[in-house]
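Subject: Handover of a structure and notes on its contents

Dear colleague,

Please find below the structure that I am passing on to you. My notes on it follow, arranged by topic for a reader who has not seen it before.

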Amino acid sequence: MSLFSLLNIARDGIQAHSTGVSVTGQNISNVNTPGYVQRSAVLVTRPNDQGGVSVTTIARSFDRRTYGRAVEEHGRRGAADARSDALASLEAIVVPGSTTIADRTNDFFQSLDTLTASPADPAARQAVLQQASGLALQISSTANDLQTQRGDLFTRARGVATEVNERLTRIASLNAAIADATHRGDPGNDLRDQRDQLVQEVGDRVGARTVEDEFGRVTLFAAGGVLVDGDHAAALGVDLDPGGNLRVQVQRPGAAAIDVTSAVTQGSLGGIREARDADIPRVSAALDNFAFDLATAVNTVHSGGFGLDGSSGRALFATAATASGAARALTVDPALVGRPERLAAAARAADLPGDNAVARQLAGLAGRPLGGIAPPAERFGAIAADLGSRVAAAETESTLRADTVTQADNLHASAAGVSLDEEMVNLSRFQRAFDASTRVLRVARSEEHTSELQSPCNLVCRLLLEKK
């Protein structure tokens, strides 16, 4: 071994282990950077008996299996969280913290019970109309608020689609940059970190799955279609179908839009869709049926009675002709507004003003099954209970998904994340190797100047003496 060869070996060791120290420092400084994947300097012995060491590449400690699992779990959590949040808002509308529809229903029938004691009392009659108006107003306001929430969720869905499209464009651009870097022999680690973070953000919003090709580009699948293929990105579009439900379409450049609505079950978009087009319509339909059956039952009895003016055949409530939309349309019949004398309490005109037969029948509806299901207050209570069970189930699902995301993230972090303990060991290891290579270089240069080196053994002896 020549002196020149020893100098080269020392030089290579200094360069390689200096790179190792640099990579370790980068890992430590990025320990809290979202999406950062641990790097490692890959060292190999120089070929052809040249001796020395070289860094072939800076590798990412990336595990595609654990990464894919994490992205999948993030998509499930996104759906669970979005639905849980929407249902919590829905519950606050249907069952507010103060007076509920069930309370208003009881107050209405209580006012009718009071009327039976004084059927000719104008104050008692006015109280019935006020309670009827308050009940109708709360039912219609609740129905309107449900429609407003559907509109808000539609706006949110379109906002999510905009966020997804922005990320899809950036992923396609990064695919092109990574492929270009790969052709040049550069692993493009920073570019890959950025892209993988964006893929996870897409997964949070609509679910995602990726397949990587030999040039480092990923094909991204989501919502039942291909959203990124190489450096080409599709776009998600959100609008309403003829039935008023969300419609999600994938628009690829130069191709017709594809309806993927039924496949949108992951991410926040999937959760919004389920809450908007399944949960809210279920509650709205139940409220419509309640309002329609209540108005029908009350009107049937009331129209057979007589007001103080001797007239009959009037309805107490006005609403839609069918159950659909009945809750939003529910009001006190305009013919009775401000006209308490028109309220029917008597069964026969001849028995006015003291007859209370119809008033007693109306009050008795409080304990009779409404629509053959349950008494009015209990009927609404069943609606609230069904919603409450859905809210509880959604909260449980959200909690479960938070746990599975934590597990998946921890598993991926164990494979790709930065461990400070491990990096401290690496830092010490590379630093010691760097110092040793520097010592070899120093001794070799000294021998070069003094011409004392006769064999490699002489250099080894010098190193051992320096160590002592």
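Across which strands does helix 4 lie? Helix 4, formed by residues 122-183, lies across strand 7 and strand 8 and runs at about 170° to strand 7. Please bear in mind throughout that this is a predicted model.

The sheet beside helix 4

Strands 7 and 8 belong to an open sheet of three strands, ordered 7-8-9, in which the pairing is antiparallel. Its edges are strand 7 (235-240) and strand 9 (258-259), each of which pairs on one side only. Strand 8 covers residues 246-251 and is joined to strand 9 by two bridges, the two strands running antiparallel. Within this part of the sheet, Gln-249 stands opposite Asp-259 of strand 9.

The loop between strand 8 and strand 9 contains Pro-253. Pro-253 has a relative accessibility of 61% and therefore counts as exposed, the cut-off being over 50%. When neighbours within four places in sequence are left aside, Pro-253 is in contact with Ala-233 and Ala-234. Between Pro-253 and Ala-235 there are 8.5 Å in space, C-alpha to C-alpha, while in sequence they are 18 residues apart.

The four-stranded sheet

A further open sheet consists of four strands in the order 3-4-5-6, again with antiparallel pairing. Strand 3 (209-212) and strand 6 (232-233) are the edge strands, and each pairs on one side only. Strand 5, residues 225-229, is connected to strand 6 by two bridges, and these strands run antiparallel. Val-228 stands opposite Ala-233, a residue of strand 6.

Ala-223 is found in the loop between strand 4 and strand 5. Most residues other than glycine have a negative phi. Ala-223, although not a glycine, has a positive phi of about 55°. Is Ala-223 buried or exposed? With a relative accessible area of 6%, Ala-223 falls under the 20% limit and so is buried.

Helix 5 and its surroundings

Helix 5 (residues 189-206) lies across strand 3 and strand 4 (218-222), and its direction makes an angle of about 10° with strand 4. The helix has 18 residues and reaches 26 Å from its first C-alpha to its last, close to the 26 Å expected at 1.5 Å a residue. Because 13 of these 18 residues are buried, helix 5 is largely enclosed by the rest of the structure. Just after the helix comes Gly-207, with a positive phi of about 80°.

Helix 5 also meets helix 2. Two packed helices are described by the angle between their axes and the distance between the axes. For helix 2 (residues 64-94) and helix 5, the axes come within 7 Å and cross at roughly 30°. Helix 2 contributes Tyr-67, Val-71, His-74, Gly-75 and Gly-78 to the contact, and helix 5 contributes Asp-196, Val-199, Gln-200, Gly-203 and Asp-204. By class, the residues of this contact comprise three nonpolar, five polar and two charged.

A cis peptide bond

One last feature concerns the backbone at a proline. Most peptide bonds are trans. The bond from Leu-352 to Pro-353, however, is cis, with omega near 0°. Pro-353 is located in the loop between strand 11 (331-332) and helix 8 (357-364).

With kind regards

Conventions: Residues numbered from 1 in each chain as written. Predicted model: local features only at pLDDT ≥ 70, side-chain atom pairs only at ≥ 80, totals over all residues. Heavy atoms only, no water. Pairing = 2+ DSSP bridges. Contact = heavy atoms within 4.5 Å. Axes fitted to C-alpha atoms, helices over the stretch in contact; angles between N-to-C directions. Expected span 1.5 Å × (residues − 1). Buried < 20%, exposed > 50% of the residue type's maximum accessible area, 1.4 Å probe, protein only. Nonpolar A, V, L, I, M, F, W, Y, C, P; charged D, E, K, R; others polar.
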